[in-house]
Structure formats: structure tokens, C-alpha cells
Amino acid sequence: LNRYKIVHFKEFDSLIIKFWAYLEMRLDKYKGILRENFIYYLKESEFKFNYTKEEQFKTIWSLWLRL
């Protein structure tokens with residue numbers, strides 16, 4: 001049972017570690033951001049990390065058409 005928990009957490013940690021590495025890579029190009037704007041950069045990076053380019057385009061396009 002303990003082995004299963006360790007393996008489960010390793011898989012969970014690796015995805016989180018990949019995301020934070022991706023976020024750090026994306027934020028490096030800005031040379032610092034304001035604290036109050038961090039949530040917007042975080043949510044954009046989360047969206048780009050979780051969806052392919054095609055899915056991003058479809059989602060943004062469908063939102064644009066609703067306007």
C-alpha cells in the first residue's frame with residue numbers, strides 16, 4: 001500500500017514540476033512582473049500548458065465569436 005502511494009505521488013509531482021519549469025521558462029523573458037499581475041501570467045501559462053495549439057485556437061475562436 002505504501003509503495004502505491006509513493007508511485008502515485010511521484011507521478012503527481014513530475015507533472016507539477018514540469019508545469020513550474022514551463023512557467024519559469026515563460027516568465028524569464030519578461031525580466032520580472034508585478035505581483036498583482038502574476039495570476040494572469042499563471043492562468044495564461046496554465047491554459048497553454050494544458051491545451052494543444054489547435055485546442056487553444058478553437059477555444060479562443062469560439063469565445064471571440066460569442067462577442
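A helix here is a DSSP run of type H or I with at least four residues, and helices are numbered from the N terminus. With that in hand, select tryptophan 20, which is found in helix 1. One thing to keep in mind along the way: you are looking at a predicted model.

**Stop 1: tryptophan 20**

Show the side chain of tryptophan 20 and turn on the surface. Is it buried, exposed or partly exposed? Tryptophan 20 has a relative accessible area of 40%, so it counts as partly exposed. Now add leucine 42 to the selection. Tryptophan 20 and leucine 42 are 22 residues apart along the chain, and their C-alpha atoms are separated by 9.8 Å.

**Stop 2: the whole chain**

Zoom out and colour by secondary structure. The protein chain holds 3 helices and 0 strands, and reading from the N terminus the order is α-α-α. Helix 1 takes in residues 2-28, helix 2 covers residues 38-50, and helix 3 covers residues 53-66.

Switch to a surface view for a moment. Of the 67 residues in the protein chain, 10% count as buried. The accessible surface comes to about 6,500 Å², and carbon and sulfur atoms account for 63% of that.

**Stop 3: the loop after helix 1**

Go to lysine 31, in the loop between helix 1 and helix 2. Its relative accessible area is 75%, so lysine 31 is exposed. Check the backbone here too: what is unusual about the sign of phi at lysine 31? The angle is near 55°, a positive value in a residue other than glycine. For background, most residues other than glycine have a negative phi.

**Stop 4: serine 45, under cover**

Next, select serine 45 in helix 2. This one is hidden: serine 45 has a relative accessible area of 1%, and since anything under 20% counts as buried, it qualifies. What surrounds it, once neighbours within four places in sequence are left aside? Select Phe19, Tyr22, Leu23 and Arg26, and you have the residues in contact with serine 45. Look at arginine 26 in particular, whose side chain makes a polar contact with the side chain of serine 45 at 3.1 Å.

**Stop 5: arginine 26 and its network**

Keep arginine 26 selected. With a relative accessibility of 11%, arginine 26 counts as buried. Add glutamate 44: the two form a salt bridge, with their closest N and O atoms 3.3 Å apart. Because arginine 26 lies in helix 1 and glutamate 44 in helix 2, this pair ties together parts that are 18 residues apart in sequence. Glutamate 44 itself is partly exposed, at 33% relative accessible area.

Now bring in lysine 48. Its side chain meets that of glutamate 44 in another salt bridge, 3.3 Å from N to O. Both of these residues are in helix 2, 4 residues apart, or about one turn of the helix. Lysine 48 is partly exposed, with 31% relative accessibility. Which residues do the shared partners join together? Arg26, Glu44 and Lys48 end up in one network of salt bridges.

**Stop 6: one more salt bridge in helix 2**

The count of salt bridges comes to 3, so there is another to find. Select lysine 43 and glutamate 46, whose closest N and O atoms are 2.9 Å apart in a salt bridge. They are 3 residues apart in helix 2, so about one helical turn separates them. Lysine 43 is partly exposed at 46% relative accessibility, and glutamate 46 is partly exposed at 31%.

**Stop 7: helix 3 and the end of the chain**

Finish by selecting residues 53-66, which make up helix 3. Helix 3 has 14 residues and reaches 20 Å from its first C-alpha to its last, close to the 20 Å expected at 1.5 Å a residue. How many of its residues are buried? The count is 1 among the 14, so this helix is hardly covered.

Now colour Phe57, Trp61, Trp64, Leu65 and Leu67, and show their surface. Together they make a nonpolar surface patch of about 700 Å². Last of all, pick leucine 67, in the segment after helix 3. Leucine 67 counts as exposed, because its relative accessibility is 80% and the cut-off is over 50%.

Notes: Residues are numbered from 1 along each chain as its sequence is written. This is a predicted model: local features need pLDDT of at least 70, side-chain atom pairs count only at pLDDT 80 or more; totals for chains, interfaces and linings use all residues. Side-chain values use heavy atoms; hydrogens and water are left out. Helices (H or I, at least four residues) and strands (E, at least two) are DSSP runs, numbered from the N terminus. Buried means under 20% relative accessible area, exposed over 50%, partly exposed in between (1.4 Å probe, protein chains only). A polar contact is a pair of N or O atoms within 3.5 Å; within protein, one must be able to donate a hydrogen and the other to accept it, and residues adjacent in sequence count only if both atoms are side-chain atoms. Contact means heavy atoms within 4.5 Å. The expected span of a helix is 1.5 Å times one less than its number of residues. Accessible areas come from the Shrake-Rupley method with a 1.4 Å probe; for residues, only the protein chains shown count as cover. Patches are made of residues with over 30% relative accessible area and no salt bridge: like charges are joined within 9 Å, nonpolar side chains (Val, Leu, Ile, Met, Phe, Trp, Tyr) within 5 Å. A salt bridge is a side-chain nitrogen of Lys or Arg within 4 Å of a carboxyl oxygen of Asp or Glu.
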